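Biologist: I'm new to this one, so could you take me through a single part of it up close? After that, I'd like to hear how that part sits within the whole.

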Amino acid sequence: MSETWWRGAAIYQVYLRSFADGNGDGIGDLAGLRSRLPYLSDLGVDAVWLNPWYPSPMADGGYDVADYRDIEPAFGTLAEAEKFIQEAHAMGIRTIIDIVPNHGSDQQEWFVQALAAGPGSPERARFWFTEGRGEGLPPNDWKSIFGGPAWTQVPDGQWYLHLFAPEQPDFNWTNPEVIEEFHDVLRFWFDRGVDGIRIDSAAVLIKDFTSEEESYTDHDGVHDIYRGWRRIADEYEGERILIGEVWLPDQERFALYLRPDEMHTAFNFDFMSRPWDARELRESIDMTLTSHLPIGAPPTWVLSNHDVPRPVTKYGRENTAFSHADRRDGVPSDLVLGERRARAAALLAMALPGSLYVYQGEELGLPEVDDIPGELRQDPIWTRSKNTVPGRDGCRVPLPWSGQEAPFGNGTGTPWLPQPASWGTLTAEAQDADPASMLCLYRAGLRVRRGKLGDGALRWLDAGENVIAFTRESGLACVVNFGAEPVALPENQGVVLASGPLEGELLPTDTAVWLRTA
Ligand code: NOJ
Ligand code: CA
């Protein structure tokens, strides 16, 4: 296996709970995932990234980890996880797992011990326990990212910090025990053949409590933590990688995480957040390439993940930008337009230099499900916002595999979130039979991309203000028309793939094409 496999890899994100149910309880699991390995192999991905698969009370979809060295019983067993890693390897697919270092679950042994041990104990020093300001006031006014206060009081009067839900107490990363514990967890999984670690909320581990305002993002101290992690990754053969979830607007600060002795790559959320607009996206690509170039790290390209609205829905809205502050949940969307743009966006992202992430269901063109009944919603954002912000369940609905009605071949039980009755045309089975489907586009794109696109550089072509056009060293050009009018194709030796029908020698609006240039 090549040493720099990750620089241009196509990585498929598996939200296990919703991927494929193997035992009929309505919850996706390892048995289901293993049965669908041929699907992933046909799709042509190099690796899978699995969201947290550990035992968890699921207060935040598994990002509340109760045991970092085991598998959630609803998903399967540790033995099955090991089997999955081996079977995937046998098909040339690597495994990346999610490690959540900022916080654990309130059901995790350490937190249970901390509660029992009481104020001032070494057990409490693994978290951020402290006294309040009196009269029922928390230590400060920091807010949780999911809404509400960032502190919760325990029966003996102390408060603990949780940047996310109260069920997710933050670890104290100034405590050497915490550092040691995570080193051991990394070794545990690398020893089992895991090829990479996606680091959850990677930039928020160090807090500055001297500040009145929330002050936890991107403090310099985080870099030492990841240097320690990199030393461990490098002890293993076969290039095990670290991928950071780093939401930072400042590209220079972002690039610091990618220095040679830190992470290998980090998610590029700027690209995902931009509106469907040539100037905006060109600027994002340019900025990304410029910031990565001096450090030699490959950029990453992400159109969606389990935290953001599905691309088909997002791009079908009048305002196509995305931000966490304004999710625009429930805002009407033209799904026909959205699909057309999502197809073009897919070819654009696949053609860019670096690695690519595909979130499960993106390849099926699934829309955001925005009519999940309130009582079935599971995202803590929904309850913590007092039922005003629907949250992220709409992109986490179990995949439709086959058939005409729910659960659409996803097991035999009732899916943990309801699937729309209309998904019969969106199943993998239906799309497999339709050469014009989103699934066939993704398969074709990923096939061409392997070896020809991915890692490397690009050269911009000037094709007008409303067009993004560039060539890659393999002799492929990518041209995307964002304008209302069709545009002429640049000189070429033939069309390799297009996101929609061309009009003779013209590229219609909201369409992308790959051309042979040599
Ligand atoms: C980022 C994850 O992607 C998200 O799903 C989770 O809720 C937060 N981190 C907290 O772990
Ligand atoms: Ca199941």
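Modeller: Let's begin with one side chain: Asp21 is buried, because its relative accessible area is 8% and the cut-off for buried is under 20%. Keep in mind that this is a predicted model. Asp29 counts as buried too, since its relative accessibility is 3%. Now look at what these two residues hold. Both Asp21 and Asp29 coordinate the calcium ion (ligand 2) through OD atoms. They share that job with Asn23, which offers OD1, Asp25, which offers OD, and Ile27, which gives its O atom. The donors sit at 2.3 to 2.4 Å from the ion. Follow them along the chain and you'll find the spacing D-x1-N-x1-D-x1-I-x1-D.

Now step back to the whole protein chain. It contains 15 helices and 18 strands. Its radius of gyration is 23 Å, close to the 24 Å that the globule rule gives for 518 residues, so the chain is as compact as a globular protein of that length. Along the principal axes, the C-alpha atoms fill a box of roughly 75 × 50 × 45 Å.

Asp21 and Asp29 have plenty of company, too: buried residues make up 60% of the 518 in the chain. Take the contacts between residues at least 6 apart in sequence, and 65% of them join residues at least 24 apart.

As for the outside, the accessible surface comes to about 19,600 Å², with 51% of it belonging to carbon and sulfur atoms. Finally, the charges: there are 45 positive and 79 negative side chains, and the centres of the two sets lie 3 Å apart.

Key
Residues numbered from 1 in each chain as written. Chains lettered and ligands numbered in written order. Predicted model: local features only at pLDDT ≥ 70, side-chain atom pairs only at ≥ 80, totals over all residues. Heavy atoms only, no water. Donors = N, O, S within 2.8 Å, 3.2 Å for Na, K, Ca; no water. Buried < 20%, exposed > 50% of the residue type's maximum accessible area, 1.4 Å probe, protein only. Helix = DSSP H or I, 4+ residues; strand = E, 2+ residues; numbered from the N terminus. Rg over C-alpha atoms; globule rule 2.2 N^0.38 Å. Contact = heavy atoms within 4.5 Å. Areas by Shrake-Rupley, 256 points an atom, 1.4 Å probe, with all protein chains shown as cover. Lys, Arg positive; Asp, Glu negative; His and termini not counted. Charge placed at Lys NZ, Arg CZ, Asp CG, Glu CD.
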